[in-house]
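Student: I've got the model open and I'd like to go through the labels people put on it. Can you take me through the reasoning behind each one?

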Amino acid sequence: MSDGVPTLDELIVLIRKFVQERNWEQYNKPSALAVSASIEMGELLELFQWKSDEEIMEYLKDGAFKSALAGEVADVMIYLLRICDKADIEPTEAIVEKMKLNFEKYPVEKWEGKAPSKLNRSE
Ligand SMILES: [Mg+2]
């Protein structure tokens with residue numbers, strides 16, 4: 001842990017400890033974890049439901065809203081890190097590799113200012 005901020009690997013160990021102490025390993029099958037991550041993502045989306053982009057920017061100035069959002073972001077990430085643990089995926093390495101592909105797939109010369117929608121991909 002550098003500067004008191006845990007690394008992703010340290011968070012994986014912390015989450016694993018939480019699960020093992022409660023004998024929940026039996027429930028932490030990869031498919032159940034993926035379902036749970038998706039459910040938590042739904043809870044995150046619920047915070048934005050029926051709000052315009054302008055309203056969301058206002059809500060983000062509110063401490064209670066931001067705290068609720070941080071809680072849902074954490075819930076999603078905890079399940080994703082748990083999946084990494086179960087599947088022996090090093091998350092930092094996976095993100096670096098994916099970003100290398102994204103840099104290749106979306107060169108600045110072609111994609112600057114363009115949303116990477118399916119419509120734009122056929123150009
Ligand atoms: Mg939640």
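Student: What is the phi of Asp-88, just after H4?

Tutor: In this predicted model, Asp-88 takes a positive phi of about 55°, right after H4 ends.

Student: And H4 itself, how do you know that its length agrees with a helix of 25 residues?

Tutor: Set the span against the rise. H4 runs over residues 63-87, and at 1.5 Å a residue its 25 residues should span 36 Å. The expected span uses one less than the number of residues. The end C-alpha atoms are 36 Å apart, so the two agree.

Student: Which residues of H4 are buried?

Tutor: Ile-78, Tyr-79, Leu-81, Arg-82, Cys-84 and Asp-85 are. To be called buried, a residue needs 20 or more other C-beta atoms within 10 Å of its own. The cover over these buried residues includes helix H1 (8-21), helix H2 (30-48) and helix H5 (91-105).

Student: Let's take H2 then. Why is H2 called roughly antiparallel to H4?

Tutor: The two pack at an angle of about 165°, with their axes 9 Å apart. Angles over 145 degrees count as roughly antiparallel, so H2 is roughly antiparallel to H4. H2 also passes H4 in a left-handed crossing.

Student: Which residues make the contact?

Tutor: On the H2 side, they include Pro-30, Leu-33, Ala-37, Met-41, Leu-44 and Leu-47. On the H4 side, Leu-69, Val-73, Val-76, Tyr-79, Leu-80 and Ile-83 are among them. Charged residues take part as well, including Glu-40 and Glu-43 of H2 and Arg-82 and Lys-86 of H4. Across the whole contact, the residues divide into 15 nonpolar, one polar and six charged.

Student: What makes H1 roughly perpendicular to H4?

Tutor: Again it's the angle. H1 and H4 pack at about 90°, with their axes 9 Å apart. The range for roughly perpendicular is 65 to 115 degrees, and that makes H1 roughly perpendicular to H4. Leu-8, Leu-11, Ile-12, Ile-15 and Arg-16 of H1 meet Ile-78, Leu-81, Arg-82, Cys-84 and Asp-85 of H4. Sorted by type, the residues of this contact are seven nonpolar, no polar and three charged.

Student: How do you know that the span of H2 agrees with its 19 residues?

Tutor: Those 19 residues should span 27 Å at 1.5 Å a residue, and the end C-alpha atoms of H2 are 28 Å apart, which agrees. H5 works out too: its 15 residues reach 21 Å from first C-alpha to last, close to the 21 Å expected.

Student: Why is H5 called hardly covered?

Tutor: Count the buried ones. A residue needs 20 or more C-beta neighbours within 10 Å to be buried, and among the 15 residues of H5 the count of buried residues is zero.

Student: What comes after H2?

Tutor: Trp-50 follows H2, with a positive phi near 70°. Trp-50 sits in the loop between H2 and helix H3 (53-59).

Student: Is Trp-50 buried or exposed?

Tutor: Exposed: Trp-50 has 6 C-beta neighbours inside 10 Å, and the cut-off for exposed is 12 or fewer. Gln-49 lies in the loop between H2 and H3 as well, and with 7 other C-beta atoms within 10 Å Gln-49 is exposed. The C-alpha atoms of Gln-49 and Lys-66 are separated by 15 Å, with their positions 17 residues apart along the chain.

Student: What about Asn-23, why does that one count as exposed?

Tutor: Asn-23 has 8 C-beta neighbours inside 10 Å, so it counts as exposed. Asn-23 is in the loop between H1 and H2, and its phi is positive, about 55°, although Asn-23 is not a glycine.

Student: Why is Pro-6 called partly exposed?

Tutor: Pro-6 has 13 C-beta neighbours inside 10 Å. Exposed stops at 12 and buried starts at 20, so Pro-6 counts as partly exposed. You'll find Pro-6 in the segment before H1.

Student: Last one: how do you know that Val-108 is exposed?

Tutor: Val-108 has 8 other C-beta atoms within 10 Å, so the label is exposed. Val-108 belongs to helix H6, residues 108-111. The C-alpha atoms of Val-108 and Gly-71 are separated by 34 Å.

Technical notes:
Residues numbered from 1 in each chain as written. Predicted model: local features only at pLDDT ≥ 70, side-chain atom pairs only at ≥ 80, totals over all residues. Helix = DSSP H or I, 4+ residues; strand = E, 2+ residues; numbered from the N terminus. Contact = placed C-beta atoms within 7 Å. Axes fitted to C-alpha atoms, helices over the stretch in contact; angles between N-to-C directions. Parallel < 35°, antiparallel > 145°, perpendicular 65-115°, else oblique. Left-handed = near helix turned anticlockwise from the far one by under 90°. Nonpolar A, V, L, I, M, F, W, Y, C, P; charged D, E, K, R; others polar.
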